[in-house]
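The following exercises ask the student to read a structure step by step. Each task is followed by a worked solution.

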Amino acid sequence: MTKPLNQSKADSAREVALDIIYDVLENGAYSNLSLDKHLKHSQLSQNDKNFVTEAVNGSIRMVKHLDWVLALFLKKPVQKQNPWVRNLLRMSVYQLIFMNRVPDYAIVNSAVELCRKKGAKGLSPVVNGVLRKINKEYNQLSLPSTTKSEFLTVKYSQQEWLVSTLLDQWGQEKSLAMLEYWNKPSSVIIRPNLLKTSRDELRERLCQEGVQVTESIFTPWALVLERMPTSIMRLSSYRDGLFYIQNEAAMLAASILNPESGEILLDLCCGVGGKTTHFAEYMGDYGKIRAYDLYEHKVNLLNENTKRLGIKIVNGWAQDILGLDQNSKARYVFLDAPCSGWGVLNRRADSRWNQTEEAMGELLILQRKLLYKAAQMVENDGHMVYSTCTINKAENENMVRAFLRDNEEFCLEGFADEISGVNLDQKDRSDALIGMLTITPGKYQTDGMFFAKMKKKKERNDEYTE
């Protein structure tokens with residue numbers, strides 16, 4: 001829980017938030033990078049930084065809903081307003097509707113002052129009048145209801161094509177649960193580095209550092225950070241490599257693949273190494289993990305993470321997976337395929353606006369190529385896990401079923417026993433027993449993830465060609 005702001009600090013924090021929102025919505029910056037740039041060297045307190053983060057992420061995430069509200073009260077369309085004014089209005093309306101840290105009158109007064117400061121003094125009466133009217137009348141507004149998808153699109157601030165796809169694939173009840181989860185601030189979840197500590201020992205260490213934590217009810221590993229006296233990277237326990245920040249759904253990967261100590265593991269599309277380092281822990285840091293990613297900056301972060309955690313068996317390589325030597329085989333292969341990211345739309349505020357229906361076809365082609373390439377690198381009697389952070393069935397179940405039809409030497413391999421300590425319902429437990437599991441966003445108060453585990457039974461006689 002964040003503390004209320006006093007007025008002078010709120011004005012300063014709101015100006016920083018407005019600058020970031022402008023940077024993202026007008027200049028196309030990434031919200032996470034812009035937040036980091038503006039906050040890293042700012043003089044704001046941790047409480048003020050928390051406010052800025054919430055105001056920025058919320059305003060960007062809910063911009064479709066905010067623009068719908070503003071259109072009802074503005075004489076000119078939102079997109080024809082002064083760009084500073086429209087983003088100031090968006091941020092202020094978000095605070096009025098969704099935040100309660102500052103009194104409503106203070107939000108309006110601060111917006112008027114910011115309007116003047118950003119060179120739109122003549123529009124300050126408009127800002128004042130519009131915000132006061134919205135504050136008075138918002139609760140009486142009726143959302144558009146021509147179609148179910150239109151209603152949900154405006155209410156939850158999403159693209160209509162994505163909402164329609166969601167309804168088609170998952171139905172109304174599950175779709176509503178996902179839409180609600182995507183609009184909640186993401187929790188900070190950590191897993192202990194089992195090479196150095198246990199969950200109980202880590203919890204005690206964090207308490208000594210003034211961090212309030214609770215144990216996850218979903219997995220036997222995770223801790224949920226409730227309140228911190230400083231940023232997480234300033235904690236001595238973080239610097240000492242006692243934990244890694246990772247959502248609980250992603251933590252299932254290591255258990256599902258279940259690599260044995262001393263083996264060789266190929267981690268394809270490894271990113272910054274969240275799952276990679278967990279694999280190393282499962283292997284007791286004994287064996288070899290070859291981790292590949294297309295982007296060098298991600299591999300550099302992977303190397304930094306392994307160094308902080310004290311992991312020795314990971315070698316990171318910046319390389320296109322499709323160009324790897326197919327004769328380089330391993331008993332364990334993990335493919336964390338690039339995907340639409342629908343399982344983690346709550347993680348980065350602008351990610352929902354970067355989705356395009358047209359790009360989906362190209363993405364499916366890439367995933368198929370990567371899956372077939374990964375399969376070439378699995379030894380006989382070896383194991384392969386295909387994973388995504390989406391809940392789009394075209395990228396998940398349909399992709400895997402098509403692969404299995406074309407590759408009879410592979411079969412699904414159940415993994416219910418490997419994740420027996422995870423608090424799954426009967427349906428998900430049955431799916432894990434078969435070998436394919438989708439964790440939908442918010443079902444267990446976790447992000448969405450998909451896992452399919454396959455075993456290679458024999459060599460195929462013919463080779464796959466593009």
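**Exercise 1. Determine which residues Val 56 touches, leaving aside its neighbours within four places in sequence, and place Val 56 in its core.**

Solution. The model examined here is a predicted one.

Step 1. Once the neighbours within four places in sequence are set aside, Val 56 is in contact with Ala 17, Ile 20, Ile 21 and Leu 35.

Step 2. Val 56 belongs to the largest nonpolar core, which has 46 residues; together with Val 52, Leu 70, Leu 89 and Leu 131, Val 56 touches the most other members.

Step 3. Helices H1 (7-27), H2 (31-40), H3 (46-61), H4 (63-71), H5 (83-98), H6 (104-117) and H7 (124-137) each supply at least two residues of this core.

Step 4. Another core, of 39 residues, lies apart from it and includes Ala 280, Val 314, Tyr 332 and Phe 334. As a general principle, nonpolar side chains in soluble globular proteins tend to be buried together.

**Exercise 2. Identify the buried residues of helix H10 and state what they pack against.**

Solution.

Step 1. In H10, residues 199-208, the buried residues are Arg 199, Leu 202 and Leu 206.

Step 2. Viewed down the axis of H10, these buried residues fall within an arc of 60°, so they line one face of the helix. The general reason is that an α-helix has 3.6 residues a turn, so residues three or four places apart point the same way.

Step 3. The buried residues of H10 pack against strands S1 (188-192), S2 (212-215), S3 (223-227) and S4 (243-245), and against helix H11 (236-239).

Step 4. Just after H10, Gly 210 has a positive phi of about 85°.

**Exercise 3. Describe the order and pairing of the four strands in the open sheet.**

Solution.

Step 1. The strand order is S2-S3-S1-S4, and the pairing is antiparallel.

Step 2. The edges are formed by S2 and S4; each has a single partner strand, so one side of each is left without a neighbour in the sheet.

Step 3. On average, neighbouring strands of this sheet are turned by 35° against each other, direction ignored.

Step 4. Four bridges join S2 and S3 in the antiparallel sense, and Thr 214 stands opposite Val 224 in S3.

**Exercise 4. How many disulfides does a search of the whole structure find?**

Solution.

Step 1. The search finds zero disulfides.

Step 2. The sulfur of Cys 339 has its closest cysteine sulfur in Cys 389, at 3.5 Å, which is too far for a bond. The cut-off for a disulfide is a pair of cysteine sulfur atoms within 2.5 Å.

Step 3. Cys 115 is buried, with a relative accessible area of 2%.

Notes
Residues are numbered from 1 along each chain as its sequence is written. This is a predicted model: local features need pLDDT of at least 70, side-chain atom pairs count only at pLDDT 80 or more; totals for chains, interfaces and linings use all residues. Side-chain values use heavy atoms; hydrogens and water are left out. Buried means under 20% relative accessible area, exposed over 50%, partly exposed in between (1.4 Å probe, protein chains only). The arc is that of the directions from the helix axis to the C-beta atoms. Contact means heavy atoms within 4.5 Å. Two strands pair if DSSP finds at least two bridges between them. Axes are lines fitted to C-alpha atoms, for helices over the stretch in contact, and angles run from 0 to 180 degrees between N-to-C directions. A nonpolar core is a set of buried Ala, Val, Leu, Ile, Met, Phe, Trp, Tyr and Cys residues joined through side-chain atoms within 4.5 Å.
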